[in-house]
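Biologist: Could you take me through one part of this model at close range? I would like to start from a single side chain and see what surrounds it, then follow the trail outward.

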Amino acid sequence: MNDGYFMKTALALAERGKGFTSPNPMVGAVVVKNKKIIGRGWHQAVGEAHAEVNAINDAGITARGADMYVTLEPCNHTGRTGPCTKKILEAGISRIVVAMEDPNPDVKGGGINFLKNQGVEVDLGICGEEAAKLNESFVKYIKTKKPFVILKCASTLDGRIATRTGDSKWISGEKSRLFVHELRHAADAIMVGIGTVKTDDPSLTTRLEHVEGRDPVRIILDTELSIDPDAKVLSLESEAETIVVTGGLAQKKKKKLIEKKGSKVIEISCQDGRIDLNALIDFLGESGITSLLIEGGSRVIASSLTQEIIDKVFFFYGPKILGGDDGVPICRGRGPELMSQSMPVKEISIRRFDDDIMIEGYLN
């Protein structure tokens with residue numbers, strides 16, 4: 001068993017915090033002595049003990065003289081909890097292996113340098129790429145104060161997300177849809193256009209099989225505030241709020257009616273008659289939203305791509321063909337004239353859910 005093995009164990013622990021730690025990162029830690037894991041821990045929820053503390057507490061007094069593997073640089077400052085570096089010194093950890101430095105430029109390197117100055121051996125970079133990907137939303141947000149934006153769509157093989165009547169149930173299979181609920185659980189917010197709300201009347205909540213999922217904040221793009229006051233998203237029993245984004249053309253009476261139902265209405269500037277998504281992204285970042293999942297419809301997908309707010313895509317292709325040109329396309333509106341002007345998707349990975357194929361990749 002080498003450093004990589006123990007760090008991968010810590011990364012698997014960190015992932016258990018998915019959906020529960022935002023705006024904090026997911027972090028996992030293991031304490032190792034004589035090549036055996038004697039303590040495990042992860043950051044379980046925002047405001048609760050950090051991974052290092054939980055792992056040391058799990059190891060108890062046997063932690064003295066042991067090694068620790070942690071997926072993110074230990075904090076050396078006091079926030080909702082005390083500094084982890086102090087706990088590490090008190091426990092007598094002799095060596096610490098860190099996957100990646102804290103991406104926050106204000107604290108980056110502080111924990112590592114402090115431990116080194118106190119005589120603790122520090123190794124950095126084991127499984128660093130995996131650790132950065134695990135916390136890609138946190139990394140972007142902490143550097144830019146803007147949310148990490150994910151685009152998800154499900155399409156037939158001939159590129160349609162619905163029939164000409166708007167019917168889309170179901171393009172993808174049950175396992176694909178369950179994975180989408182995992183994406184919702186991990187995201188701070190989910191966004192759709194008013195067309196999706198009018199056609200599908202979705203709840204936009206999280207429904208998982210073996211854990212109580214966390215609902216994301218629901219964001220509805222509705223330039224003219226035409227949403228039905230009886231829409232499901234305005235009448236849910238959920239801890240997450242619903243935000244209706246309008247372009248400032250809304251009647252005050254309609255706005256008050258929606259707000260009376262417990263939802264929020266905000267005004268964002270428009271471009272060419274549509275919500276300025278970059279301005280909205282800035283607003284969401286200022287509001288503490290670290291990650292956003294976009295689920296459609298076709299005009300919202302097109303706008304989010306052309307306004308270049310997308311960081312990552314999940315495209316699901318069900319083994320179905322409509323065979324006509326009158327269904328709803330993935331993107332609606334004008335595209336580029338030349339293939340050389342298309343948007344390259346990088347770092348591609350492909351996954352199969354029964355008969356569905358999912359393509360995952362990055363744009364920015």
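**A close look around Ser 176**

Modeller: Happy to! In this predicted model, Ser 176 touches Phe 316, Phe 353 and Asp 356, leaving aside residues up to four places away in sequence. Ser 176 itself belongs to helix α7, a helix that covers residues 174–186. With a relative accessible area of 1%, Ser 176 is buried, under the 20% limit that the word requires.

Two of those contacts, Phe 316 and Phe 353, are aromatic, and that leads us to the ring pairs. There are seven aromatic pairs in the model. Let me begin with Phe 6 and Tyr 69, whose ring centres are 5.3 Å apart; their planes meet at 40°, so this pair is tilted. Phe 6 sits in helix α1 (residues 3–15) and Tyr 69 in strand β3 (residues 67–70), so the pair ties together parts that are 63 residues apart in sequence. Both rings are out of the way: Phe 6 counts as buried at 0% relative accessibility, and Tyr 69 counts as buried at 2%.

Now back to the two neighbours of Ser 176. Phe 316 and Phe 353 form an aromatic pair that is tilted, with 6.1 Å from centre to centre and 40° between the planes. Phe 316 is part of strand β15 (residues 312–317) and Phe 353 is part of strand β17 (residues 346–353), so here the pair ties together parts that lie 37 residues apart in sequence. Phe 316 is buried, at 1% relative accessibility, and Phe 353 is buried as well, at 8%. There is a wider grouping here too: ring pairs join Phe 179, Phe 314, Phe 316 and Phe 353 into a cluster. So which picture do you get of Ser 176? It is a buried residue of its helix, and it touches two members of that ring cluster, Phe 316 and Phe 353.

Helix α7 has another role to look at in this model, in the wall of a pocket. The second largest pocket has a volume of about 1100 Å³. It is lined by 44 residues, and Glu 15, Lys 18, Met 26, Leu 134 and Ala 186 are the closest to its centre. Helix α7 provides the largest share of that lining, with six residues. By character, the lining divides into 20 nonpolar, 11 polar and 13 charged residues.

Staying in this part of the chain, have a look at Arg 177. Its charged end sits over the ring of Trp 170, 4.2 Å from the ring centre. Trp 170 is found in the loop between β7 (160–162) and α7. The backbone is worth a glance there: the peptide bond joining Lys 169 and Trp 170 is cis, with omega about -10°.

You can find a similar theme elsewhere. Arg 16 lies over the face of Trp 42, at 4.7 Å from the ring centre. A cis peptide bond also runs from Ser 22 to Pro 23, with omega near 10°, and Pro 23 is in the loop between α1 and β1 (28–33).

Phe 6, from the ring pair I began with, has a further contact to show you. Ile 37, in strand β2, touches Phe 6, Thr 9, Val 30, Val 31 and Val 32, again not counting residues up to four places away in sequence. For Ile 37 and Thr 9, the separation is 28 residues in sequence and 9.6 Å in space, C-alpha to C-alpha. Ile 37 is buried, with a relative accessible area of 19%, a value under the 20% cut-off.

Finally, here are two loop residues to set against all those buried ones. Asn 34 has a phi near 55°, a positive value in a residue other than glycine; it lies in the loop between β1 and β2 (36–42) and counts as exposed at 71% relative accessibility. Glu 308 has a positive phi too, near 55°. Glu 308 is in the loop between α11 (298–306) and β15, the strand that holds Phe 316. Whereas Phe 316 is buried, Glu 308 is exposed, with a relative accessible area of 63%.

Key: Residues numbered from 1 in each chain as written. Predicted model: local features only at pLDDT ≥ 70, side-chain atom pairs only at ≥ 80, totals over all residues. Heavy atoms only, no water. 1 Å grid on protein atoms, 1.4 Å probe; cavity = no way out; pocket = protein on both sides within 12 Å on 5 of 7 lines; lining within 4 Å. Points joined across faces, edges and corners; volume = space filled by probe spheres on them. Helix = DSSP H or I, 4+ residues; strand = E, 2+ residues; numbered from the N terminus. Nonpolar A, V, L, I, M, F, W, Y, C, P; charged D, E, K, R; others polar. Phe/Tyr/Trp six-rings, centres within 6.5 Å; stacked < 30°, edge-to-face > 60°. Buried < 20%, exposed > 50% of the residue type's maximum accessible area, 1.4 Å probe, protein only. Lys NZ or Arg CZ within 6 Å of the ring centre and 35° of its normal. Contact = heavy atoms within 4.5 Å.
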